[in-house]
Amino acid sequence: RGAALCGAAPRRNSRSRGGAAARLTGGAMAALLIFAYVLFIAFFVVGVCWLWPDFVDCSDPPRIRVALFVIFGLSLAAELAVCFAGVVKPWTVIVILVCDCWGMLDAFLRFPIVHDLDSLFSLKQVVLVTAKLAGYALGFKNVAKYVGWFILLVLCFVFLVPILWVTALPIGDTSSYHQAHDAVDMDIVVRIWRIITIPADRHAAALRCKVGIKRVVVAVAQMCPCLRSPVIRWDPSLA
């Protein structure tokens, strides 16, 4: 009997240590989640509500479009990283790529064109945002256990980029509706089909890509003066 009691004591101690470790891990995860929400709120208040509107007010549409493309690339890269980390089911990658490329990428290509709320373009954006939300809800692993992380992921990857796009549009500024711009009001699927099948459209798309790359290079050189010399050597016309 004494031997049995001695054997039971280590088992009780191991169980108590395991429970303490689980509580410690749960507490650390809760603290990390709270810290992540604080970071998101700070980023939203400072970045989205303050710095982004100031940038939009003092920039022309092509520069804003470049910034939107950069945001799109960073957001898509972060989403793919989340998918490859195993946070969501593998098929969610297809939903993300379709909704992002046919939705926000198409919207950024048409910026600064403003569409009516009852247009097919607006309906498409609403449907794609809803589909992406449903994809995350169905593809997120163990939503009930990690509901806090799920909500944070939805806020970052489903609603944040559309909010940035809507706040950048010249909504209500009727004088800007008729200003000249280089945006083409055409669905991205139709545009890709025309680029593949029509040589003139393919040549025009190549020119637009070249101009866009030059604008990005110039912007990077302006932010980093040390890159000015290599940029000029690469393309003397940018001097």
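# A walk through an all-helix model

Phenylalanine 40 and phenylalanine 44 sit 4 residues apart in helix α1, so about one helical turn separates them. That is a good place to enter this structure, which is a predicted model. The protein has 8 helices and 0 strands. Read along the sequence, its pattern is α-α-α-α-α-α-α-α. It has 239 residues, and 31% of them count as buried.

Start with the aromatic rings. The structure holds 5 aromatic pairs. One of them joins phenylalanine 40 and phenylalanine 44: the ring centres are 6.2 Å apart, the planes meet at 35 degrees, and the pair is tilted. An edge-to-face pair would need planes over 60 degrees apart, and a stacked pair under 30, so 35 degrees falls in the tilted class. How covered are the two partners? Phenylalanine 40 is buried, with a relative accessible area of 15%. Phenylalanine 44 has 25% and is partly exposed. The cut-off for buried is under 20%, so the two residues fall on either side of that limit.

A second pair joins phenylalanine 140 and phenylalanine 150. Their ring centres lie 5.4 Å apart and their planes stand at 65 degrees, so this pair is edge-to-face. The pair links distant parts of the chain. Phenylalanine 140 is in the loop between α4 (120-139) and α5 (147-168), while phenylalanine 150 is in helix α5, 10 residues apart from its partner. Both rings belong to buried residues: phenylalanine 140 has a relative accessible area of 7%, and phenylalanine 150 has 12%.

Stay in that loop for a moment. Asparagine 142 also has its place between α4 and α5. Its phi is near 60 degrees, a positive value in a residue other than glycine. Asparagine 142 is partly exposed, with a relative accessible area of 43%.

Now step back along the chain to another backbone feature. The peptide bond from phenylalanine 111 to proline 112 is cis, with omega near 10 degrees. Proline 112 is found in the loop between α3 (92-110) and α4.

Next come the charged side chains. The count of salt bridges is 8. Begin with arginine 110 and aspartate 106, whose side chains meet at 3.0 Å, N to O. Both lie in helix α3, 4 residues apart, about one turn of the helix. Both are buried.

Aspartate 106 has a further partner. It forms a salt bridge with lysine 124, and the closest N and O atoms are 2.4 Å apart. Aspartate 106 belongs to helix α3 and lysine 124 to helix α4, so this contact ties together parts that are 18 residues apart in sequence. Lysine 124 is buried, as is aspartate 106.

Which residue does arginine 110 reach in the loop between α5 and α6 (188-197)? The partner is aspartate 185, with the closest N and O atoms 2.9 Å apart. Arginine 110 lies in helix α3 and aspartate 185 in that loop, so the pair ties together parts that are 75 residues apart in sequence. The two ends differ in cover. Arginine 110 is buried, with a relative accessible area of 6%, whereas aspartate 185, at 44%, counts as partly exposed. Shared partners join these contacts into one network, made up of Asp106, Arg110, Lys124, Asp185 and Asp187.

Helices α3 and α4 come up again when we look for empty space inside. Rolling a probe the size of a water molecule over the atoms shows where such space is left. The structure holds 1 cavity of 30 Å³ or more. About 130 Å³ of space lies in the largest cavity. It is lined by 16 residues, and the closest to its centre are Cys99, Asp100, Met104, Lys132 and Pro162. Elements giving two or more residues to the lining are α2 (61-84), α3, α4 and α5.

Finish on the outside. Met29, Leu32, Phe35, Leu39 and Tyr146 form a nonpolar patch on the surface. Together they have about 470 Å² of accessible area. Phenylalanine 35 is found in helix α1 (residues 2-57). That is the helix that also holds phenylalanine 40 and phenylalanine 44, where this walk began.

Conventions:
Residues numbered from 1 in each chain as written. Predicted model: local features only at pLDDT ≥ 70, side-chain atom pairs only at ≥ 80, totals over all residues. Heavy atoms only, no water. Patch = residues over 30% accessible without salt bridge, like charges linked within 9 Å, V, L, I, M, F, W, Y side chains within 5 Å. Areas by Shrake-Rupley, 256 points an atom, 1.4 Å probe, with all protein chains shown as cover. Salt bridge = Lys/Arg side-chain N within 4 Å of Asp/Glu carboxyl O. Phe/Tyr/Trp six-rings, centres within 6.5 Å; stacked < 30°, edge-to-face > 60°. Buried < 20%, exposed > 50% of the residue type's maximum accessible area, 1.4 Å probe, protein only. 1 Å grid on protein atoms, 1.4 Å probe; cavity = no way out; pocket = protein on both sides within 12 Å on 5 of 7 lines; lining within 4 Å. Points joined across faces, edges and corners; volume = space filled by probe spheres on them.
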